[in-house]
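Open the model in your viewer and keep the sequence panel in sight. We will go stop by stop, selecting one piece at a time.

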Amino acid sequence: MLTFLGALGVTSRSRGRVAPLCSNDSERFFKESNLSQEERVNLYSILEEADLDGVGQIALRHAWSLSTFLDRRPVAEYNSEAFRTAQEFLKHHRGQDIIIDAGCGTGVSTEIIAEGNPDQLVLGVDRSEVRITRKKEREVQNAQFIRANLVDVWRLALEHRWVVKKQYLLYPNPYPKKTDLKIGGELELRSSWLGYVQEFAHALRTLAQDEEVMKSLGLAGRGIKISEVQTMQLTNNYLSNFERKYACSGMPLYRLLVHFGDRSS
Ligand SMILES: C[S@@+](CC[C@H](N)C(=O)[O-])C[C@H]1O[C@@H](n2cnc3c(N)ncnc32)[C@H](O)[C@@H]1O
């Protein structure tokens, strides 16, 4: 069962990051460049601190206004159409668990996740036509890609009572948005921006502690577990292009794991 959690893409500022090169070339670029370790990291790093007080308040405000926001925002036709494609795919693989790679970009991570989980179906969703239609590196039978806005995909998945085992949110570009995530099962967030991961965790904890908000989001009675922010030690087992790019620059990468627990009723 997918669960709706608004306000999680909430962050109090935009990212403002400049990516100087295509991630596929990043290993070569850093090998050939004469940049010092500090200069490499500075290419991508963001100096802002997490604003935990601010994000907690924003998360609560957005949670309360979520249904009004959705009422005013009909599902776009292109998203419905993309969702139908996903439904067809699921029909042919009935009974298998669903994993969503949310904001999958060119889909490298979707394919790696699908290869690592041959008994599960992995749906890569991205709104960028250019990225999602990029030629895929592997032929993976249990992966499907759709070009769609995640907000509508989450709404439709909820409406169609999809059971989502896990969602990956890999290196999202955060920006202030009224509704950003609808989460079920388990969530794995990875980012190079410590402040963002801290804010994300704090927003979730703030919501989880508020019983009324949890009820309004349909999450009451669940034992939500939010991990501490973890620093990842990656050598070359990169899950996505952005992960590769940031890891090759030498900057630390962070992860948050969330278990949304079982429904009590
Ligand atoms: C920084 S890229 C990361 C891509 C990939 N996950 C990776 O790690 O290489 C963020 C991706 O999220 C997608 N995205 C952002 N907001 C989205 C939304 N509301 N619906 C669908 N895709 C979205 C963008 O198009 C972009 O491809």
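**Stop 1: confidence**

Colour the model by pLDDT. This is a predicted model. Its mean pLDDT is 82, and 80% of the residues reach 70 or more. Now select residues 1-22. Here the pLDDT is below 50. Even so, the model gives this stretch 70 contacts beyond near neighbours in sequence. Next, select residues 175-182. Their pLDDT also stays under 50. The model has 26 contacts for them beyond four places in sequence. Read both places with care.

**Stop 2: the whole chain**

Zoom out and switch to cartoon view. You should find 10 helices and 10 strands. The protein has 265 residues, and 43% of them are buried. How far apart in sequence are the residues that touch? Among contacts between residues at least 6 apart, 74% join residues at least 24 apart.

**Stop 3: strand β5 and its partners**

Select β5, residues 164-170. This strand is mostly covered, with 6 of its 7 residues buried. Now add β2, residues 98-102. The two strands run parallel and are joined by 5 bridges. For one pairing, click alanine 102, which stands opposite leucine 169 in β5.

Which strand else pairs with β5 in the parallel sense? Select β7, residues 186-191. Again there are 5 bridges. Two pairs are worth clicking. Lysine 166 has glutamate 186 in β7 as its bridge partner. Leucine 170 stands opposite arginine 190 in β7.

Stay on β7 and add β10, residues 253-259. This pairing is antiparallel, over 6 bridges. Within it, leucine 189 stands opposite leucine 256 in β10.

**Stop 4: helix α7**

Select residues 150-159, which form α7. Is this helix enclosed or open to the outside? Of its 10 residues, 8 are buried, so the rest of the structure largely encloses α7. Click along the buried ones: Leu150, Val151, Asp152, Val153, Trp154, Arg155, Leu156 and Ala157. Asp152 and Arg155 are on that buried list too.

While you look down a helix, keep one rule in mind. An α-helix has 3.6 residues a turn, so residues three or four places apart point the same way.

**Stop 5: two unusual backbone angles**

Move on from α7 to arginine 161. This residue lies in the loop between α7 and β5. Its phi is positive, about 55°, although arginine 161 is not a glycine. Is arginine 161 buried or exposed? Arginine 161 counts as exposed, because it has 8 C-beta neighbours inside 10 Å and the cut-off for exposed is 12 or fewer.

Now go to the other side of β5 and click tyrosine 171. It sits in the loop between β5 and β6, where β6 is residues 181-184. Tyrosine 171 also has a positive phi, about 50°, and is not a glycine. Its surroundings give another answer: tyrosine 171 is buried, with 22 other C-beta atoms within 10 Å. The cut-off for buried is 20 or more.

**Stop 6: the nonpolar core**

Show side chains. The largest nonpolar core has 61 residues. Select Leu123, Val125, Val153, Val197 and Phe200, which have the most contacts inside this core. Which helix gives the most to the core? Select α8, residues 194-208, which supplies 8 residues. You have already met Val153, one of the buried residues of α7.

**Stop 7: around the ligand**

Centre on the ligand. Around it are 20 residues. The closest are Gly103, Gly105, Arg127, Ser240 and Phe242. Colour the shell by type: 8 residues are nonpolar, 8 are polar and 4 are charged.

Which elements supply at least two shell residues each? Select β3 (121-126), α7 and α10 (241-249). The largest share, 3 residues, comes from α10.

**Stop 8: tyrosine 238**

Finish at tyrosine 238, in the loop between β9 (230-232) and α10. Tyrosine 238 is buried, with 21 other C-beta atoms within 10 Å. Beyond residues up to four places away in sequence, tyrosine 238 touches Glu243, Arg244 and Ala247. Last, draw a distance line to cysteine 248, 10 residues along the chain. The two C-alpha atoms are separated by 9.9 Å.

Methods. Residues are numbered from 1 along each chain as its sequence is written. Helices (H or I, at least four residues) and strands (E, at least two) are DSSP runs, numbered from the N terminus. A residue is near a molecule or strand if its C-beta atom, placed from the backbone, lies within 6 Å of it. Ala, Val, Leu, Ile, Met, Phe, Trp, Tyr, Cys and Pro count as nonpolar, Asp, Glu, Lys and Arg as charged, and the others, Gly among them, as polar. A nonpolar core is a set of buried Ala, Val, Leu, Ile, Met, Phe, Trp, Tyr and Cys residues joined through C-beta atoms within 7 Å. Two residues are in contact if their C-beta atoms, placed from the backbone, lie within 7 Å. pLDDT is the predictor's confidence in each residue, from 0 to 100. Two strands pair if DSSP finds at least two bridges between them.
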